[in-house]
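Open the model in your viewer and keep the selection tool at hand. The tour below goes from one selection to the next and says what is found at each stop.

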Amino acid sequence: MKTILFRQLNRVTIRKQLFIVYIPTIFLSTIIIGLFLVYDSTTQLKNNYEHLSELNAQRVKSVLYDTTSTLYNTANQLSIDTQLRQLLTNEFSQDSQAIEAINDYKQLHSIRQFQPAIAKVRIYSTNQTLPNYKDFVQANALVQKTDWFQKAISQPDAFLMTINDEKSLNYLALYKELPLPRSQEKAIVELILDYNYLSNRIRNSSYIVQLQLNDDQLFYHDQIQQLGMDSSFIDMDKNTTSFQKKDGQQLLVASNRLKMNNQQDIIHIYSTDPSAYQNLQSNLVKWTMIVLISLISTFIIISLFARFFTNRIRTLQLAVYHASIENYDFFQNISGEDEISQISLDFHKIIQHIKYKEEEIYQARLSKQELLNQQQQMEFNLLASQINPHFLFNTLETIRMMAIRNGNTDVAYAIKLLAKSMRYTLEVHGTELTSLKKEIDAVHVYVKIQRMRFGDRVNFSVQISNEINQDETMLLPLLIQPLVENAISHGLEGLMTDGHIRLTVSKDQGDLLITVQDDGVGITEEKLQELQEKIQHSSHRSTKNIGLANVNYRVKMFYGSGYGLTISSVRNQGTLVQLKIRPYDPIERT
């Protein structure tokens, strides 16, 4: 069959052979490739639109997480605010006293000023001696019957609700009961999310975003007139991206969910692209037209080429002949744009392509060798990093055992204390809190090391209040040792007689007072003023050592501006350093 076909083709001219063989081949190839391009481009474009919609929904989810975290964190801060708790539980005999107390409380003003995500903050209280003034509202019988009030007093966690204001606009609000353990009164904090703040962070001109809390009505929509309506999208309980029809229009909708901290509230996020479907249709029409134009153009070009090709075939034969006798200089002498010149150009391109590939292979080998060098360096760094602190402790233990065998008990004891001090420093490195007991034990180890240096000149005593649970009271690590170190280095070092350092830990209205007092040489008024100035203007750039300035800076950064370090001294009588912090005691707070 194949032989018969070729025999028949040989009986016709080359022009007819081109029409018989090439045109059907090109036609079918164009149809197949065209259909594939239409399908592939439409699929890729659809996937891109879906991916972008999902990314926008994820972006909105990130913004919502950040914004709602602000609400939760603010509510938690208010719930532990002792000044607010005292204000809510006080019984005022006159409204003027209550108003004065409310004016003295600045925290709510700070929230409105420094938290742009919060539009309003209200505190509802059953304390009838507190008037309706500023952000404080009396929770009358009507308020106490509301769903949000009943829900707030029945559960300890904060929760979200969609509320409607006097303008019939929906807003997202957070409610949380403020604990008043020593009072029968109830207090609820209400934080309302600022719609404009959320809109400025979410709005994207290419997408329409809708937000819905649980099964409530929409509390956010890029088109504000749609607020308060029910969402018309399906598949609310899972993250999906699909085309959905709404009001006769096909919309690409990417849905996502954000679960709140209380594990009950869920915010449903819908990122809608109204132009995706229309763009897909336009893309389909465009590629279909391209395929049709390609078919028609190909047919015309092949027809013209068949006619032209028959006139150039003899020149092609001559070019093949010169190539067969390896006369490659012939190709250099050809000019024009006929078949032979194209062959010459293609041959030159092939040579250049071969050279280019060789260069690529060479560069690839260089890159491979560089990669191997980098890998060897990484392996070296990895081996070096495996020399961890345990090696140092094992080395110190080996030295200690050698000292014991040689009868140097003092050296062995010193190495043991040094290892304890270093182990504690490494253990608390990178941790946020440690127990008071561990901190005191570390100070004892440090004092023992110093006593090996100064002998009986350093006397140290500790007095801790019985109402303090040392194991459960948590504080920042390495706060007390710098105070004791300062007392030894600057207070007792210049003494000719024995000195004494007294460490006292007590409580003051829930705060922890750490006092280190020495009977050393003291500080002059000029140096004391200079030291106090240094302490008050400390910053995070002081990282070369842990001194009084750094201790004060860390305390203020962690506990707040109301806490920190104070120092007083009298020349030749001694120095007193007092540190005030707010301890974290789980037993006390339960």
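Start with helix α2, residues 14-79, which gives four residues to the lining of the largest cavity, the most of any contributor. This is a predicted model, and the cavity is a feature of that prediction.

**Stop 1: the largest cavity.** Select Y65, T68, S69, Y72, K259, M260 and N261, and show their side chains; these residues line the largest cavity. The space inside comes to about 50 Å³. Colour the selection by class, and the lining divides into three nonpolar, three polar and one charged residues.

**Stop 2: the second largest cavity.** How many cavities of 30 Å³ or more does a search of the whole structure find? The search finds two. For the second largest, select N170, Y171, L172, L193, Y195, L198 and F219, which form its lining. Two elements each give two or more residues to this lining: β4 (170-177) and α8 (195-202). The largest share, three residues, comes from β4. The volume here is about 30 Å³. By class, six of the lining residues are nonpolar and one is polar, with no charged residue in the lining of this second cavity.

**Stop 3: a hairpin.** Now move to residues 564-570, strand β16, and residues 574-581, strand β17. In which sense do β16 and β17 pair? They pair in the antiparallel sense, over seven bridges. To see one bridge, pick T566 and then Q578, its bridge partner in β17. Three residues separate the two strands, and together β16 and β17 form a hairpin. Select N572 in the turn: its phi is positive, at about 65°. While the strands are on screen, look at their side chains. In a regular strand, side chains alternate between the two faces of the sheet.

**Stop 4: the whole protein.** Clear the selection and switch to a cartoon view. The secondary structure comes to 18 helices and 17 strands. Of the 590 residues, 38% count as buried. Next, turn on a surface: the protein exposes about 36100 Å², and carbon and sulfur atoms supply 53% of that area. Finally, consider contacts between residues at least 6 apart in sequence; 63% of these join residues at least 24 apart.

Definitions and conventions:
Residues are numbered from 1 along each chain as its sequence is written. This is a predicted model: local features need pLDDT of at least 70, side-chain atom pairs count only at pLDDT 80 or more; totals for chains, interfaces and linings use all residues. Side-chain values use heavy atoms; hydrogens and water are left out. Buried means under 20% relative accessible area, exposed over 50%, partly exposed in between (1.4 Å probe, protein chains only). Contact means heavy atoms within 4.5 Å. Accessible areas come from the Shrake-Rupley method with a 1.4 Å probe; for residues, only the protein chains shown count as cover. Two strands pair if DSSP finds at least two bridges between them. On a 1 Å grid over the protein atoms alone, a cavity is a set of points where a 1.4 Å probe fits but cannot get out, and a pocket is an open set with protein on both sides within 12 Å along at least five of seven lines; lining residues have an atom within 4 Å of a point. Grid points are joined across faces, edges and corners, and a volume is the space filled by probe spheres set on the points. Ala, Val, Leu, Ile, Met, Phe, Trp, Tyr, Cys and Pro count as nonpolar, Asp, Glu, Lys and Arg as charged, and the others, Gly among them, as polar.
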